[in-house]
Amino acid sequence: MSTSKSCGCGFIPTVIVPGIGQSKTVQLDEKGNVIKTSWPLDIDMKLLKKKLIPSAVRMLLFRHDLGFSKKLKSVLCEALDPLKCNSDGSQKNNIKVVSYNYSMAECSAEEKRFIRKMVPFERFADLVGDDHVFYFSFNPFGRAYETIELLHDYIAMVKEKTGHDKVNIIPISLGGTIVTSYLDKYASDGDIHRVVGIVSAFDGSTVFSDILSKNIDLDNYEELFVNLLGKGDGGKLTAMLKKIPKKLVKLYINIILDSFIETVLLNSPMMWGILPAEQYQELSRRFLSGKQHEKLLKRTDEAWRVRSDFPALVKKARDHGIEMFSLCGYNIRLFAVASDHVTSDMIVDTKSASMGAFCAPPGGTLPDGYVQQNTFCSAHDHISPDNAVDASAGALPDTTWFYKNMDHEGCAVCDNLLTLAGLLISGDEITDVFSSPDYPQFNDFVCKS
Ligand SMILES: [Zn+2]
Ligand SMILES: [Zn+2]
């Protein structure tokens, strides 16, 4: 392990680059005063219901739309407005990220509580010390390319504060898309030691391309609502919707999707960065071909170029001494979308988290007579014992771990995964999937509460 310039602790500081729901942002007025929390969305449900109820009652009574869809759309777009970007990709409102420009040791008790709720960082801090773990929060709907520059500054700050000349990075979920572009631009800086992806959306998520192309199974809306709102509220909403004609239900789900696409997805560089490279080309040309999107398209194309060639990215990283690892889930169907052949952790495709592993559909096995592809490794057996994953087709065949039936949130309670991630950032005991029988390439997800 490379040693530090002056700290002398023998460890390397770690920067966590978290997922979509794991940063806080606030909306400011012209004078810079905080108006409200903009992310996680702080929707006044009482007010929302009050606005919708009169037209909803009319619609339910007469079993005809009678203007409810129009009302629904305006109410939703208003509620989602704090996340909205302009057509050039800039934020519509004045948004500030709540950031932590210091280590966990310097965080207040409240900040620690928030971060711990998001990521069990103590699992890493226990190993390398509170003062060697940092949490890089960012605006998950903003300009990805600006976030990359902010991460660059953040890493410089961590080096400065700790006296180390290298850091480890743990990208979680959406954080993976930031880190791919970051490595493309800044791997040559030589200040990254290891990248340890956790359910990392290196190549985005089909959930987002399915939403954008409306590839949603509307006949199965019950599952959609239960997934979105939980069993209680989702069940109540489903029961209510059963009282109105299915045609209307489909209309309203379409309105919800349109509001989300128009307000949150369409102009956001970060959201375009989370579309899998394979679907990006077609969708970006369909939605961003107008003159008003020219600037945005140029930037999102740059990020796509990186996602479309992981072997090149891994090579670039290795050429600069960066070791890359990935820990991902498989065998779960994607979140209520129509791409039910995609194995995932429910939110991120396993193919994305593993940079290209070939996977059977959830619950299925590789085709009859399937032969290991050996794309990136022919020296080992990289087929999972359940014959569902071929890791040799991924860009990191020897350093990707798979957890069967682990959902996206499950990574936070998966003891084996967290211990492994800790070992990877704190020492050289584990260098690949063959280093220890305790950490084989393929695992069953065991939840430890
Ligand atoms: Zn140190
Ligand atoms: Zn191998």
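**Briefing: helices, packing and unusual backbone in a predicted model**

Val199 sits in the loop that runs between β7 (192-198) and α7. The model is predicted. Val199 is not a glycine, yet its phi is positive, at about 35°. Val199 is also buried, with 32 other C-beta atoms within 10 Å. Other backbone features, and the packing of several helices, follow below.

**Backbone features in loops**

- Arg63 is another residue that is not a glycine but has a positive phi, here of about 55°.
- The loop between α1 and α2 holds Arg63.
- Arg63 is exposed, with 11 other C-beta atoms within 10 Å. The cut-off for an exposed residue is 12 or fewer.
- Trp39 and Pro40 are joined by a cis peptide bond, with omega at about -5°.
- Pro40 belongs to the loop between β3 (34-39) and α1.

**The α1 and α2 pair**

- Helix α1 covers residues 45-62 and packs with α2 at an angle of about 165°. Their axes are 9 Å apart.
- An angle over 145 degrees counts as roughly antiparallel, and α1 and α2 are therefore roughly antiparallel to each other.
- Their crossing is left-handed.
- On the α1 side, the contacts come from Leu48, Lys51, Leu52, Ser55, Ala56 and Met59.
- On the α2 side, they come from Phe68, Lys71, Leu72, Val75 and Ala79.

**Helix α9**

- Helix α9 spans residues 246-265, with 20 residues in the run.
- From first C-alpha to last, α9 reaches 27 Å, close to the 28 Å expected at 1.5 Å a residue.
- Thr263, Val264 and Leu265 are buried in α9.
- Seen down the axis of α9, these buried residues fall within an arc of 155°, so they line one face of the helix.
- The buried residues of α9 pack against three helices: α2 (68-80), α7 (206-212) and α10 (269-272).

**Helix α13 and the residue after it**

- Helix α13 takes in residues 310-319. Its buried residues are Phe310, Leu313, Val314 and Ala317.
- Those buried residues cover an arc of only 95° around the axis, which puts them on the same side of α13.
- An α-helix has 3.6 residues a turn, so residues three or four places apart point the same way.
- The buried residues of α13 pack against α6 (175-186), α12 (294-307) and the strand β8 (323-330).
- Gly321 comes just after α13 and takes a positive phi of about 80°.

Definitions and conventions:
Residues numbered from 1 in each chain as written. Chains lettered and ligands numbered in written order. Predicted model: local features only at pLDDT ≥ 70, side-chain atom pairs only at ≥ 80, totals over all residues. Helix = DSSP H or I, 4+ residues; strand = E, 2+ residues; numbered from the N terminus. Expected span 1.5 Å × (residues − 1). Buried ≥ 20, exposed ≤ 12 C-beta atoms within 10 Å, placed from the backbone. Arc of directions from axis to C-beta. Contact = placed C-beta atoms within 7 Å. Axes fitted to C-alpha atoms, helices over the stretch in contact; angles between N-to-C directions. Parallel < 35°, antiparallel > 145°, perpendicular 65-115°, else oblique. Left-handed = near helix turned anticlockwise from the far one by under 90°.
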